[in-house]
Amino acid sequence: MSQSNRVNFGSKLGVILATAGSAVGLGNIWRFPYMAGHNGGAAFMLIYIGCVIFLGIPGMVCEFIIGRHVSANAARSYLTMGKGTPFSIVGYVGILTSIIILGFYSVVAGWCLQYLMASILGHLNGDSTYIVNYFQTFSTNPLKPALWAVLFVLLTHIIVAHGVDKGIEKASKLMMPALFILLIVIIIASCSLPNAMKGIDFLFNPDFSKVDHNVILGALGQAFFSLSLGTGCLCTYASYFNKHIDLLKSATQIALIDTLVAIFAGLMIFPAAFSIGVSPDSGPSLIFITLPRVFLQAFHAIPIIGYVISILFYSLLALAALTSTISIHEIGTAFIHEEMHLSRKGAAWIVTIACCIVAVLCSLSVSSSSGLMIHGKSLLDCCDYITAQVLLPLGGFCTCLMIGWYVPRKVVKDEFTNWGTLRGKLFHVFVFCARYVCPILILMIFLNQFGFI
Ligand code: TRP
């Protein structure tokens, strides 16, 4: 498809919000707190922030450059930019990765829908044991969570089938500010609970003695997952950017918003977890067992406020998840639509069906009786681990190498400086990161993880 008849995002704000909408999602609010809780809190957070600055932002700019330069889906972009080299397959791998991610992501997004429903019906009322049991009973039910997950993929499908400018951009513009405000309200509630200080301490007082290779790889994977890096997602979105978007500035702004939301999520969850005696390393169920207690306990004097906030929160969480799933879905849809000459709707259906299959399998594996376990881990955990901790950093690694070493410097500079209209003061720093810092750090983290250094 030629550049001129491709749809673009309407405005700079639209670009930032749509891409930030992709970045901000369950990765920040569900995954970050449980990864941080599992990996020692503050030390994890500091390493995470380091990964965002030194690997995430340059990685994002690399993907933006590829996407905007070729103005096509991820597979075509990598194929064109990495012609004749192994880099040319990175886009295809990214598309496959995105299907797996969308599959397991929708399961957790489906849990949010269930919690939204339960909030509306007032079912999340009870003591801590009740809330823990509630999650257990629900998530191990074979049918219900799978249906919610499929419903979530279908919701994503509807928006993606409507196209980039109408669906994606509009949804993000409304939601992002609302989410921010609500997070602040809940942080205040959570921090007002007894013993909340312990949670704040856990998040901001680093204990580096707990840092091992798992923590570092965990933080790297989390940074990539949260910034939507490594699958060609940003590349696909950047193919809808116009020529006036400052790529470095946008990447920095998005990374900043994304990191703030993750820290806010930590501030919302850990004080509450410590206050009600839930262990911060309770894993993927962490937000589902702490937050209902916050809503009940912090607002016990006026229960209706807790009731309303609970509904608002799960709606916003589901919406934040939706702006992310849209972006993941779009990777595959854009590819099939443009390369296989199917209509947008037809292309979207293929991705939807593939994702529903992964989602149902992942959901069934959580209800442990189904036997879909690998080494004692549910399929959902395995998909999460393999994509975030292996495939995404690998995708980012190849992307940085390709931009740093293979793509002609003039092309990179033109995209970075918008054809000389920007000063591009940091161009050399960026190239240095893409050539050396990012690939070497990612390689070292991998080697360290697998016991070579
Ligand atoms: N970044 C999103 C989140 O934090 C998830 C996401 C969207 C994603 N697009 C992606 C993850 C592409 C990996 C690759 O929830």
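**View 1. The ligand sits in the largest cavity.** Here a cavity is a set of points on a 1 Å grid over the protein atoms alone where a 1.4 Å probe fits but cannot get out, and sitting in a cavity means that more than half of the molecule's atoms lie within 2 Å of its grid points. This is a predicted model, with local features needing pLDDT of at least 70 and side-chain atom pairs counting only at pLDDT 80 or more, while totals for chains, interfaces and linings use all residues. Residues are numbered from 1 along each chain as its sequence is written, and side-chain values use heavy atoms, leaving out hydrogens and water.

**View 2. A shell of 17 residues surrounds the ligand.** A residue counts as near if one of its heavy atoms lies within 4 Å; the closest are A23, G27, Y105, F225 and S226. Helix 1 (12–23), helix 2 (26–38), helix 5 (90–121), helix 10 (213–226) and helix 14 (303–339) each chip in at least two shell residues; helices are DSSP runs (H or I, at least four residues) numbered from the N terminus.

**View 3. Backbone atoms of G27, F225 and S226 meet the ligand.** These are polar contacts, pairs of N or O atoms within 3.5 Å. A ligand oxygen is 2.8 Å from a polar backbone atom of G27. A ligand nitrogen is 2.8 Å from a polar backbone atom of F225, and a backbone N or O atom of S226 lies 3.0 Å from a ligand nitrogen. The protein covers 100% of the 360 Å² of accessible area that the ligand has on its own (Shrake-Rupley method, 1.4 Å probe).

**View 4. The structure holds 0 disulfides (cysteine sulfur pairs within 2.5 Å).** For C51, the nearest cysteine sulfur, that of C438, is 10 Å away.

Conventions
Polar contact = N/O pair within 3.5 Å; in protein donor to acceptor, adjacent residues only side chain to side chain. 1 Å grid on protein atoms, 1.4 Å probe; cavity = no way out; pocket = protein on both sides within 12 Å on 5 of 7 lines; lining within 4 Å.
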